[in-house]
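Please open the model in your viewer and keep the selection panel at hand. The tour moves from one selection to the next and says what is there.

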Amino acid sequence: MDNSTNQDIKELTKSIRALFAAILTRALKDIFKPTYSDQEIYKSQALYWLTVNDSDSFTSFINICSYLDIDVDNIRHIVNAEVKRLERGLP
């Protein structure tokens with residue numbers, strides 16, 4: 001592999017990581033800091049995406065977390081705890 005190809009692969013990897021981080025960030029914002037008038041729809045879709053055990057889809061929550069080296073169960077636990085806390089009206 002020449003240096004140019006190596007650099008292209010590094011840039012592609014960097015771009016994919018940035019895209020996956022943006023997808024995960026958007027889902028978390030849709031859950032905790034919604035900015036849309038129909039925010040409940042986006043919130044429920046994001047929560048559903050986080051709970052589905054889909055390993056076939058390239059952009060599933062599980063695959064994105066795996067690619068970003070994030071523990072799926074830990075994130076799910078934290079999100080669930082925060083959602084319950086907010087539902088109880090706690091700050």
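Where is the place of Y36? Select Y36 and you will find this residue in the loop between α1 and α2, where helices (H or I, at least four residues) and strands (E, at least two) are DSSP runs numbered from the N terminus. This is a predicted model, in which local features need pLDDT of at least 70 and side-chain atom pairs count only at pLDDT 80 or more, while totals for chains, interfaces and linings use all residues. Residues are numbered from 1 along each chain as its sequence is written, and side-chain values use heavy atoms, with hydrogens and water left out.

Y36 has a relative accessible area of 32% and is partly exposed, a class that lies between buried (under 20%) and exposed (over 50%), with a 1.4 Å probe and protein chains only. Add I41 and Y42 to the selection: together with Y36 they make a nonpolar surface patch of about 260 Å², a patch being made of residues with over 30% relative accessible area and no salt bridge, with nonpolar side chains (Val, Leu, Ile, Met, Phe, Trp, Tyr) joined within 5 Å and like charges within 9 Å.

Next, select helix α1, residues 3–32, whose 30 residues reach 43 Å from the first C-alpha to the last, close to the 44 Å expected at 1.5 Å a residue; the expected span is 1.5 Å times one less than the number of residues. Within α1, F20, L24, A27, D30 and I31 are buried, and the buried residues of this helix pack against α2 (39–51), α3 (61–67) and α4 (72–87).

Stay in α1 and show the side chains of D30 and R26, which meet in a salt bridge at 3.1 Å, N to O; the term requires a side-chain nitrogen of Lys or Arg within 4 Å of a carboxyl oxygen of Asp or Glu. D30 and R26 are four residues apart in helix α1, so they are separated by about one helical turn. D30 is buried at 8% relative accessible area, whereas R26, at 30%, counts as partly exposed.

Now move to the largest nonpolar core, which has 15 residues, with L24, I31, W49, L50, F61, I64 and V79 having the most contacts inside it; such a core is a set of buried Ala, Val, Leu, Ile, Met, Phe, Trp, Tyr and Cys residues joined through side-chain atoms within 4.5 Å. The elements giving two or more residues to this core are α1, α2, α3 and α4. Finish by centring on F61, which, leaving aside neighbours within four places in sequence, is in contact (heavy atoms within 4.5 Å) with L24, W49, L50, V72, I75 and R76.

Methods. Accessible areas come from the Shrake-Rupley method with a 1.4 Å probe; for residues, only the protein chains shown count as cover.
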